[in-house]
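Visitor: Please put the model up. I have some questions about its backbone and its ligand site.

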Amino acid sequence: MINEQDKKYLLDSIRAIKDFPKEGIVFRDITTLLNNKEAFSFLMNHLEQKYKDKNIDYIAGIESRGFIFGAALSAKLNLPFVPIRKPGKLPSKCLQESYSLEYGQDTIEIHIDAFNNTQNAKVLLIDDLIATGGTAIAAVKLIQKLKANCFEACFLLNLKDLQGSEELSKFTSVYSVLEV
Ligand code: AMP
């Protein structure tokens, strides 16, 4: 699948910025990966190979960096793409799910007809990074509320000390290309 050397190559293409957006956070900046055409193509080819024979019906991406990888993979696999967005962005009727942040709450939304009322649609969920897992768990709940099946959640990067991946794995299978 993907060996240690390839992982190091991809990880080196992601820039780490200390104290952004606030002190104590190491922000993983994927714009440097997107800006590196070999690294971006390598990543997308890996995901294409991993998921091409899995009979997936839809790819759902979480705003906003999940849109980049999710939509690119949808085009490669010839699959429909579903955006899961921050509140007030999707124009038609939506379902909402709220989740806790360190301070306060956040909400994400999905269009109620995102899976065209297909019963048990097989959905691959994508985001760039999993930290606490709160966003992804809310996204899985939205997918399930629409009677679809989140078959796996896929991330480029897992911040493993935060144990979000363990939490999320209570709801769906989890795959991360890289871990730090
Ligand atoms: P969480 O809900 O805690 O798993 O946070 C995941 C979301 O927050 C993802 O959409 C990430 O893009 C973003 N995020 C959280 N921590 C970081 C970080 N250290 N660097 C970059 N993005 C992050």
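Guide: Start with Ser64, which sits in the loop between β3 (58-62) and α4 (65-77). Helices (H or I, at least four residues) and strands (E, at least two) are DSSP runs, numbered from the N terminus. This is a predicted model: local features need pLDDT of at least 70, side-chain atom pairs count only at pLDDT 80 or more, and totals for chains, interfaces and linings use all residues. Residues are numbered from 1 along each chain as its sequence is written, and side-chain values use heavy atoms, with hydrogens and water left out.

Visitor: What is the omega of the cis peptide bond between Glu63 and Ser64?

Guide: Ser64 belongs to the β3-α4 loop. The bond that joins Glu63 to Ser64 is cis, and its omega is about -10°.

Visitor: Which residue follows Phe20 across a cis peptide bond?

Guide: Look in the loop between β1 (15-18) and β2. Omega there is near -5°, and the bond runs from Phe20 to Pro21.

Visitor: In which loop is Asn55 found?

Guide: Asn55 is not a glycine, yet its phi is positive, about 55°. Its place is the loop between α3 (37-51) and β3.

Visitor: Which element supplies the largest share of the shell around the ligand?

Guide: β2 (26-29), β7 (122-130) and α5 (134-145) each give at least two shell residues. A residue is near the ligand if one of its heavy atoms lies within 4 Å of it. Of the 14 residues around the ligand, those that come nearest include Asp127 and Thr135. The largest share, 4 residues, comes from β7.

Visitor: How far is the side chain of Thr135 from an oxygen atom of the ligand?

Guide: Polar contacts here are pairs of N or O atoms within 3.5 Å. Arg65 places a polar side-chain atom 3.2 Å from a ligand oxygen. A polar backbone atom of Ala131 is 2.9 Å from a ligand oxygen. For an N or O atom in the Thr135 side chain, the distance is 2.5 Å.

Visitor: How much of the ligand's area does the protein bury?

Guide: Areas come from the Shrake-Rupley method with a 1.4 Å probe. Taken alone, the ligand exposes 490 Å². The buried part is 81%.

Visitor: Which residues does UniProt list for the domain "Phosphoribosyltransferase"?

Guide: The entry is unreviewed, and such annotations may be inferred rather than shown by experiment. The span is 32% helix and 33% strand, with its end C-alpha atoms 23 Å apart. UniProt lists residues 34-160.

How values were computed: A polar contact is a pair of N or O atoms within 3.5 Å; within protein, one must be able to donate a hydrogen and the other to accept it, and residues adjacent in sequence count only if both atoms are side-chain atoms.
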